[in-house]
Amino acid sequence: YKHDKGQQRRRQCISMKVDGTIYPADWDEAGHVTALDLVTNDNQVLRISNSEKLLAYQDATISAEGIVAQQHRAGKSISIKRFSVTQPSPEFSDAY
C-alpha cells in the first residue's frame with residue numbers, strides 16, 4: 001500500500017454530547033476574541049468551529065451537543081448544535 005501525498009484524508013465526524021468550559025483561544029490585533037475552545041471535563045480541547053455564536057459565554061461551563069471532527073494536525077473541533085449553560089461565568093453572569 002502506497003500513500004499518495006496528494007490524497008486527502010477523510011475527516012472522522014462523530015455526533016457527541018460533551019460537558020466543559022468555554023475559553024478564548026485566539027484574538028485579533030485589537031484584542032477581540034476571534035476563536036473559542038471548549039475544554040471538556042476530562043481535559044480534551046476542542047476548537048469551537050462556530051465560535052461566533054458563543055462569544056457571550058466565555059468562561060461559562062456548558063453541556064453541549066454537536067459534531068466533533070478530527071482536523072488534520074490541528075486537533076479536534078466541534079460544531080455546537082445545542083447547548084445549555086450549567087455554570088455561568090462570574091464575569092458574564094448577568095448575560096444569561
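**Figure 1. Thr61 at the start of a strand.** Let us begin with Thr61, which is found in strand β4, a stretch covering residues 61-71. The model shown here and in the other views is a predicted one. Is Thr61 buried or exposed? Thr61 counts as buried because its relative accessibility is 16%, and the cut-off for buried is under 20%. Its side chain makes a polar contact with the side chain of Thr21, at 3.2 Å. Leaving out residues up to four places away in sequence, Thr61 touches Gly20 and Thr21, and also Ser84, Val85, Thr86 and Gln87.

**Figure 2. Gly20 and its surroundings.** One of the residues touched by Thr61 is Gly20, so it gets a view of its own because it is buried, with a relative accessible area of 0%. Gly20 lies in strand β1, which spans residues 13-27. Which residues does Gly20 touch, not counting those up to four places away in sequence? They are Leu38, Val39, Thr40 and Asn41, together with Ala60, Thr61 and Ile62. For a sense of scale, look also at Asp37: the C-alpha atoms of Gly20 and Asp37 are separated by 9.6 Å, and the two residues are 17 apart along the chain.

**Figure 3. The hairpin of β2 and β3.** Here you can follow strand β2 (residues 33-40) into strand β3 (residues 45-48); the two run antiparallel and are joined by four bridges. Together β2 and β3 form a hairpin, with four residues between them. In the turn, Asn43 has a positive phi of about 65°. Asp37 has Arg47, in β3, as its bridge partner.

**Figure 4. The two faces of β3, and its other partner.** In a regular strand, side chains alternate between the two faces of the sheet. Which residues of β3 point to the face where side chains are buried? Those are Leu46 and Ile48, while Val45 and Arg47 point to the other face and are not buried. β3 also pairs with strand β5 (residues 75-87), this time in the parallel sense and over three bridges. Within that pairing, Ile48 has Ile78 of β5 as its bridge partner.

**Figure 5. Isoleucines in the nonpolar core.** Nonpolar side chains tend to be buried together in soluble globular proteins. The largest nonpolar core of this model has 13 residues, and the members that touch the most others are Ile22, Ile48, Ile78 and Ile80. Two or more residues of this core come from each of β1, β2, β3, β4 and β5. Ile22 is worth a second look: setting aside neighbours within four places in sequence, its contacts include Leu36, Leu38, Ile48, Leu54, Tyr57 and Ile62. Asp37, Gln58, Asp59 and Ala60 are also in contact with Ile22.

**Figure 6. Stepping back to the barrel.** With the close-ups in mind, how do the strands fit together in the whole chain? Five strands close into a barrel, in the order β1-β2-β3-β5-β4, with mixed pairing. Neighbouring strands of this sheet are turned against each other by 50° on average, ignoring direction. The chain has five strands and zero helices. Of its 96 residues, 30% count as buried. Among contacts between residues at least 6 apart in sequence, 47% join residues at least 24 apart. The accessible surface of the chain is about 7000 Å², and 46% of it belongs to carbon and sulfur atoms.

Terms used
Residues numbered from 1 in each chain as written. Predicted model: local features only at pLDDT ≥ 70, side-chain atom pairs only at ≥ 80, totals over all residues. Heavy atoms only, no water. Pairing = 2+ DSSP bridges. Axes fitted to C-alpha atoms, helices over the stretch in contact; angles between N-to-C directions. Buried < 20%, exposed > 50% of the residue type's maximum accessible area, 1.4 Å probe, protein only. Contact = heavy atoms within 4.5 Å. Polar contact = N/O pair within 3.5 Å; in protein donor to acceptor, adjacent residues only side chain to side chain. Core = buried A, V, L, I, M, F, W, Y, C linked by side-chain atoms within 4.5 Å. Areas by Shrake-Rupley, 256 points an atom, 1.4 Å probe, with all protein chains shown as cover.
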